[in-house]
Each structure stands twice: as structure tokens, then as C-alpha cells.
Amino acid sequence: MNAFKIAYKPVGLALGATSGLLAGVAFKQTWKIIEGEGDAPDAMDEDRSWKQILIAAAIHGAIFAVVKAGVERSGAVATRRLTGSWPG
């Protein structure tokens, strides 16, 4: 692993944390639109059905994956523009 890739690691970690925060916000807003409720069901919510819990988990996972990929890709493109090298 060359020095550039090692130097990019902290940037990648920061982008990962940022994408997690953005995905959480996006999921909460999406769930409000879908169900009209403020909080999404958790796996341990006794009063929620299996259907609600699994649908919420699937939507959350999809949103997280899309946001994470978008943020990471944007970071890699910006890094290449700045340095001329692809960080991956």
C-alpha cells in the first residue's frame, strides 16, 4: 500500500461517518413520509408487526447503501481532481 492510500484512510473514515449521519437523517424523513410516524420501528419494538420491522430495515439498508456509495464516490472523485490519483 503506497503512502497516498494510507494518507487517504482518515479521509475515507470521515466520509464513512458522514455518510452514516446523512443516511440516518434521510431514513427518518423517508419513514415519516411512508408511515406518517416520527420514529421507525426497531427490531425490539414489541408493539410493531414483523412486516413493519422488516420493511423499515430493508428501506434503512437501501438508503444507507446508496448514501454511502454516493459519498464515498464523491470523495474519491474530489481526491482525484485535487491530487491526480485515485484513492482506491
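This note comments on two helices, the loop between them and selected residues in a predicted model.

1. Helix α1. This helix covers residues 3–35. Its 33 residues should span 48 Å at 1.5 Å a residue, and the end C-alpha atoms are indeed 48 Å apart, so the expected and computed values agree. The helix nevertheless bends by about 30° at lysine 9. A proline, proline 10, follows within four residues of that position.

2. Helix α2. The second helix comprises residues 50–83. It contains 34 residues, and the distance from its first C-alpha to its last is 49 Å, close to the 50 Å expected at 1.5 Å a residue.

3. How the helices meet. Two packed helices are described by the angle between their axes and the distance between the axes. Here the axes of α1 and α2 come within 7 Å and cross at roughly 145°. The crossing of α1 and α2 is right-handed. The residues of this contact divide into 17 nonpolar, 8 polar and 3 charged.

4. Buried residues. In α1, the buried residues are Tyr8, Leu15, Ser19, Ala23, Phe27 and Trp31, and they pack against α2. In α2, Ile53, Ala56, Ile63, Val67, Val71, Gly75, Ala76 and Thr79 are buried. What covers these residues of α2 includes α1. The student may find it useful to locate both sets in the structure.

5. Threonine 79. This residue belongs to helix α2. Threonine 79 counts as buried because its relative accessible area is 11%, and the cut-off for buried is under 20%. Leaving aside neighbours within four places in sequence, threonine 79 is in contact with Phe4, Tyr8, Gly84, Ser85 and Pro87. Of these partners, Tyr8 is itself among the buried residues of α1.

6. Glycines that follow the helices. Just after α1, glycine 36 takes a positive phi of about 75°. Helix α2 is followed by glycine 84, whose phi is also positive, near 85°. Glycine 84 is also one of the contacts of threonine 79.

7. Glycine 38 in the loop. Is glycine 38, which lies in the loop between α1 and α2, buried or exposed? Its relative accessibility is 54%, and therefore glycine 38 counts as exposed, the cut-off being over 50%. Glycine 38 and alanine 56 are 18 residues apart along the chain, and their C-alpha atoms are separated by 13 Å. Alanine 56, by contrast with glycine 38, is listed among the buried residues of α2.

Notes:
Residues numbered from 1 in each chain as written. Predicted model: local features only at pLDDT ≥ 70, side-chain atom pairs only at ≥ 80, totals over all residues. Heavy atoms only, no water. Axes fitted to C-alpha atoms, helices over the stretch in contact; angles between N-to-C directions. Helix = DSSP H or I, 4+ residues; strand = E, 2+ residues; numbered from the N terminus. Left-handed = near helix turned anticlockwise from the far one by under 90°. Nonpolar A, V, L, I, M, F, W, Y, C, P; charged D, E, K, R; others polar. Expected span 1.5 Å × (residues − 1). Buried < 20%, exposed > 50% of the residue type's maximum accessible area, 1.4 Å probe, protein only. Contact = heavy atoms within 4.5 Å. Bend = angle between axes of the 7 residues up to and from the residue.
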